[in-house]
Amino acid sequence: MEEIPIFKMVMFEFLKKLFREKEKKEISVNGKGLSFLEIERWIGENRGEATKQFKEKVDSGFLLIETGSKDIEAGLNELENFNIEREINERAKTMILQNKDNYIRSTKRLLDFFNNGIKTERNVKKIDDFVKLAMWEVDLFTRQTTRSFQISSSIIGKEFERILIGLKKISKAIVDLKTMDKTDERMIETIINILDSIKNDEKIVEKFECIQKENNDHINALKETIDSLKNKEKSLQASKEWKHREELREKIDKFEKEQEQERAKLRNLFMNIEKVIQKYAWNRKKKDVLMYIEDTISALREDDGLKVLEDLDEIIKDIEENVYTNDNERKIQFLENVNKIDELVLLNFLEKDMKYDEDLSKLRDELKEIKIEELNYEDLNGKIGERDEENLKIEKKKKIILEEIYSKKKKVSLLLEDLGQRIERPIKVGL
């Protein structure tokens, strides 16, 4: 009856021990992001076990290649020193020796490749690349030497044996390197590469953040300068000079608008008879009058004696003689529009326009005489806008990189958890 409690206690202790061992094996990385320190430490602690078999097989494969290379070297020495002692005709002897030399050259080339290949870095990518190149080299060697071997081996026999033994060892090593399980090592190398990539991305983000900070500091400094200028501007605005300057600017603006309105009226008078003037200029070969359509104000100012009035009189005659139209209503309209332009209209315009020029010139000269410090902070606002725009562009780029970092971290977490299961050292990674 007492054996049952003892059995239960033993089982209880066994289960506690089992759970404690499992708990020791599991590593939980919590928080918003991955802890590089914890992950890299975990890889450092467990990589040896994860890649032990990989390294053993790789070392074994390259050791077999080295052994095979030595066999080939020994065989080549025997083959180079071989002389045909049998009695055969000279032509056959020459052919065999030539093919022997060809075989030796191709074999030495292959041997050089594998002697260099022994130094290959022991990582998955380098080994995969080496295997691909080695298979190509062996295939090339086979295609180059098959005929030479067949011809030479008819006389030469045992001297080829050591070379063939070496080649078989190397071929086996290549197959072993190709077919070996590289999953764990590949996963670790991938994880390390991704971690390095994340670090580089985070450096870029830090650089962006430094630029943004510099921009924000510069923007704040510019804003302080603008505030200082605005305060200074307020005191200037209270001065008589400032008020007088603003009054002059308002007058100048008013006169400029009035002058432009008068000029627009004159332009419209000539635009109303544009087609008639064009036909008149074409019929009478008087291109000068076309200036009144192209640049009315300049044409009038340069028209000494108002010769345009003579052209307008000729146009009226043409209208009355039905040169431009036989339609009575259109003739009446043409005549009304032309008659709106007479000597009094043109002289009055010139007088007003010159008076505007004179008044504006005086006002502008008077404005120049007022010496007030120019506080132009629009340029500063423009610089603030440039910095803000740069910050927006950086923010977009930063967002893309941060999304890439998150994606890479997620990939690392999945690879780590998978690797942990494979080597029976579970790890949980929280993003």
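Hi everyone, let me start with two residues: Phe114 and Phe130 are both buried. Please keep in mind that this is a predicted model.

So how do those two rings meet? A pair of aromatic rings is described by the distance of the centres and the angle of the planes. For Phe114 and Phe130, the centres are 6.3 Å apart and the planes stand at 80 degrees, an edge-to-face pair. The pair also ties together distant parts of the chain. Phe114 belongs to helix α3, residues 90-117, while Phe130 belongs to helix α4, residues 124-152, and 16 residues separate the two.

Now let's step back a little. In total there are 7 aromatic pairs here. Through ring pairs, Phe114 and Phe130 join a cluster with Phe62 and Phe113. Phe62 has another partner to show you: the charged end of Arg122 sits over the Phe62 ring, 4.1 Å from its centre. You can find a similar arrangement at Trp282, where the charged end of Lys285 sits over the ring, 5.5 Å from its centre.

On to the pockets. The largest one has a volume of about 280 Å³. It is lined by 13 residues, and the closest to its centre are Asp288, Val289, Tyr292, Asp303 and Lys307. Which helices each supply at least two residues of that lining? They are α9, residues 291-294, and α11, residues 308-320. The largest share, 3 residues, comes from α11.

And what about the classes of residue in the lining of the largest pocket? There we have 8 charged residues, 5 nonpolar ones and no polar ones. Thanks for listening!

Notes:
Residues numbered from 1 in each chain as written. Predicted model: local features only at pLDDT ≥ 70, side-chain atom pairs only at ≥ 80, totals over all residues. Heavy atoms only, no water. Phe/Tyr/Trp six-rings, centres within 6.5 Å; stacked < 30°, edge-to-face > 60°. Helix = DSSP H or I, 4+ residues; strand = E, 2+ residues; numbered from the N terminus. Buried < 20%, exposed > 50% of the residue type's maximum accessible area, 1.4 Å probe, protein only. Lys NZ or Arg CZ within 6 Å of the ring centre and 35° of its normal. 1 Å grid on protein atoms, 1.4 Å probe; cavity = no way out; pocket = protein on both sides within 12 Å on 5 of 7 lines; lining within 4 Å. Points joined across faces, edges and corners; volume = space filled by probe spheres on them. Nonpolar A, V, L, I, M, F, W, Y, C, P; charged D, E, K, R; others polar.
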